[in-house]
Amino acid sequence: MAVAVGKTDITPEAGIPLAGYATDTPRLAAGVRRPLYARCTVFWDNGTPNVIVTADVLAFPRAIHQAIRSRIVSLGVASSDFVLTATHTHNGPVLTPDVTAYTLYNILDPSPHLDRVRGYAGWVQDQIVDLVRISLAATAVPCTLDYQVADEAFSYNREGMAGVERDVPILTARTLDGAPLVVMFGYGCQPVVAPAETLIDPDYPGLAVEVVEQQTGCFAQFLTGAAGDQDPVASPGWQALDDRGHDLGQTIVDTITAPGRPVTGPILTAYREVDVRLDITDTPSHLAAVRANFAVRRATAAGWISRHAEVMIDQIDAHSFAFTTPVPVQSWRFAGGTPLRLAFLGGEPVSGYAAYCRSHYGGTNGIWFSGYAGEVPAYLPTDELLITGGAWRYACGWSDDFPSIAGGAMCAYGIIAHYLRNAQGNGVEDTLIAALNAVL
């Protein structure tokens, strides 16, 4: 086993609209508090490259993810050997020039704001592909790998469900004399500690990475876990961000002073996409009723909810809405000795999916679960959350005014309906669990 690394600055220029919080006036970047990076680690397993790229953006839309993946494959990396994840900062640039640019951020088409978004989207794709190309050509350093799990407690379940993410999984590559060379770590908490202001910032993950690198001299990367229903306990603020980022970074520094359990190759990988069904009855009478509900929302709701209803009405009239959303499902397995599995799920999965994987694949020491991988089409609720709605009526994808149509997070993602429950057949939870089991 050997590793090579690289990083590139992907901070946009001032003036670009910032993503992460719905606004009626685009939240334009006024400056930079901390830069944004794309980071790359290449694990060379007996001459085969296995590549993980993390980027300080809110999420990758499908078109950008697929374009990047195609270009990385053309470099000689197998698709299942390439992982792309977003750290999910809410103070990074708007990356998607599709319907949500209008519904969430009121960015008109055409407009100079949308031109900036499109220009950045094209540029960041080139930056990531160049980063991988350079990292593949970099000198690889022979290493050993070890894995351990630390603990953090600044996340809580904002939907009022039982699951709270505390695991901080840590995979460390060390030189042959035992010095930390690369450390990859994760945590399941929304990066919303920074205030919703106009400064570009990678939130607590970026600061934690900075702390690790400054104190150890090694290269660090962060993978966001099952954060769909997990929020930080502190109110947003720059001081809170500094506290959480330093705390998490110090936890990593303290933990890797001694190695964890050895992890060895070969690295076995799998990648697939699964279509998750939306709760749509495609009959004229049903669509007429749905359209009427959206018309009420369009007239009575404010801001992004009203704009989402407007777009949905147009899609119903054109019969152009989607019936499913594709979700990438990926796994890496370090198969030597006691195996370590890494599960990568697209979308914004809630904590129930991480809990399922831990309960079926050796607990917290046997599997590491990450979300926001590849592309993020929507929040991914469990059946329990779909039925109860949760405290926020957000991650479930429906709202109290018209629970049979899209609400909450589905409005944020520009989708017409919530997902099917398992009792209806081919529900979201059964579909995703089956896909995870297939790759794991």
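**Notebook: pockets, cavities and their surroundings**

I began with the second largest pocket and sorted its lining by class, which gave 8 nonpolar, 4 polar and 6 charged residues. I note at the outset that the model is predicted.

**Entry 1. The second largest pocket**

I looked up the volume of the second largest pocket and found about 180 Å³. Its lining comprises 18 residues, and those closest to the centre are Tyr37, Arg39, Gly206, Val209 and Glu210. I then asked which elements give two or more residues to this lining. They are strand 3 (37-45), helix 4 (203-216) and strand 12 (219-224). Helix 4 gives the most, with 6 residues.

**Entry 2. Helix 4**

Since helix 4 leads that lining, with 6 residues, I examined the helix itself. Its 14 residues should span 20 Å at 1.5 Å a residue, and the end C-alpha atoms lie 21 Å apart, so the two values agree. I also checked burial, and helix 4 is mostly covered, with 10 of its 14 residues buried. The buried residues include the run Asp203, Tyr204, Pro205, Gly206, Leu207, Ala208 and Val209. Val211, Val212 and Glu213 are buried as well. Gly206 and Val209 thus appear in two of my lists: they are among the residues closest to the centre of the second largest pocket, and they are among the buried residues of helix 4.

**Entry 3. The largest pocket**

I turned to the largest pocket, which holds about 950 Å³ of space. Its lining has 46 residues, and the closest to the centre are Thr100, Leu104, Pro377, Ala412 and Tyr413. Helix 2 (99-103), helix 7 (303-318) and strand 15 (324-336) are the elements that give two or more residues to this lining. Strand 15 has the largest share, 3 residues. By class, I recorded 29 nonpolar, 11 polar and 6 charged residues in the lining.

**Entry 4. Strands 15, 16 and 18**

I followed strand 15 to its neighbour. Strand 15 and strand 16 pair in the antiparallel sense over 6 bridges, and Ser331 stands opposite Ala343 in strand 16. Their hairpin has 3 residues between the strands, and Gly337 takes a positive phi near 60° there.

Is strand 16 covered on one face or on both? Leu340, Leu342 and Phe344 on one side are buried, and so are Arg341, Ala343 and Leu345 on the other, which leaves both faces covered. In total, 6 of the 6 residues of strand 16 (residues 340-345) are buried. I also found that strand 16 pairs with strand 18 (residues 367-370), in the parallel sense and over 4 bridges. The bridge partner of Phe344 in strand 18 is Ser370.

**Entry 5. Enclosed cavities**

A search of the whole structure returned 2 cavities of 30 Å³ or more. I took the largest cavity to begin with; its volume is about 120 Å³. It is lined by 17 residues, and Glu165, Asp167, Pro169, Arg358 and Phe369 are the closest to its centre. Strand 7 (144-151), strand 9 (167-174), strand 10 (180-187), helix 8 (351-360) and strand 18 each supply at least two lining residues. Strand 18 gives the most, with 3 residues. The lining divides into 10 nonpolar, 4 polar and 3 charged residues.

The second largest cavity has a volume of about 70 Å³. Among its lining residues I listed Asp279, Ile280, Thr281, His286, Leu287 and Val290. Ser404, Ile405, Ala406, Ile416 and Ala417 also line this cavity. I counted these residues by class as 7 nonpolar, 3 polar and 1 charged.

**Entry 6. The open sheet**

I next traced an open sheet of 5 strands, in the order 5-4-3-1-6 and with mixed pairing. Strand 5 (82-86) and strand 6 (141-142) stand at its edges with a single partner strand each, so one side of each has no neighbour in the sheet. Strand 6 pairs with strand 1 (residues 2-9) in the antiparallel sense over 2 bridges. Val3 stands opposite Val141 there.

**Entry 7. Cysteines**

I searched for disulfides and found 0. Why does Cys218 form no bond? Its closest cysteine sulfur, in Cys143, is 12 Å away, which is too far. Cys218 is buried, at a relative accessible area of 5%. For Cys357 the closest cysteine sulfur is in Cys189, at 19 Å, and this too is too far for a bond. Cys357 counts as buried because its relative accessibility is 0%.

How values were computed: Residues numbered from 1 in each chain as written. Predicted model: local features only at pLDDT ≥ 70, side-chain atom pairs only at ≥ 80, totals over all residues. Heavy atoms only, no water. 1 Å grid on protein atoms, 1.4 Å probe; cavity = no way out; pocket = protein on both sides within 12 Å on 5 of 7 lines; lining within 4 Å. Points joined across faces, edges and corners; volume = space filled by probe spheres on them. Nonpolar A, V, L, I, M, F, W, Y, C, P; charged D, E, K, R; others polar. Buried < 20%, exposed > 50% of the residue type's maximum accessible area, 1.4 Å probe, protein only. Pairing = 2+ DSSP bridges. Disulfide = S-S within 2.5 Å. Expected span 1.5 Å × (residues − 1).
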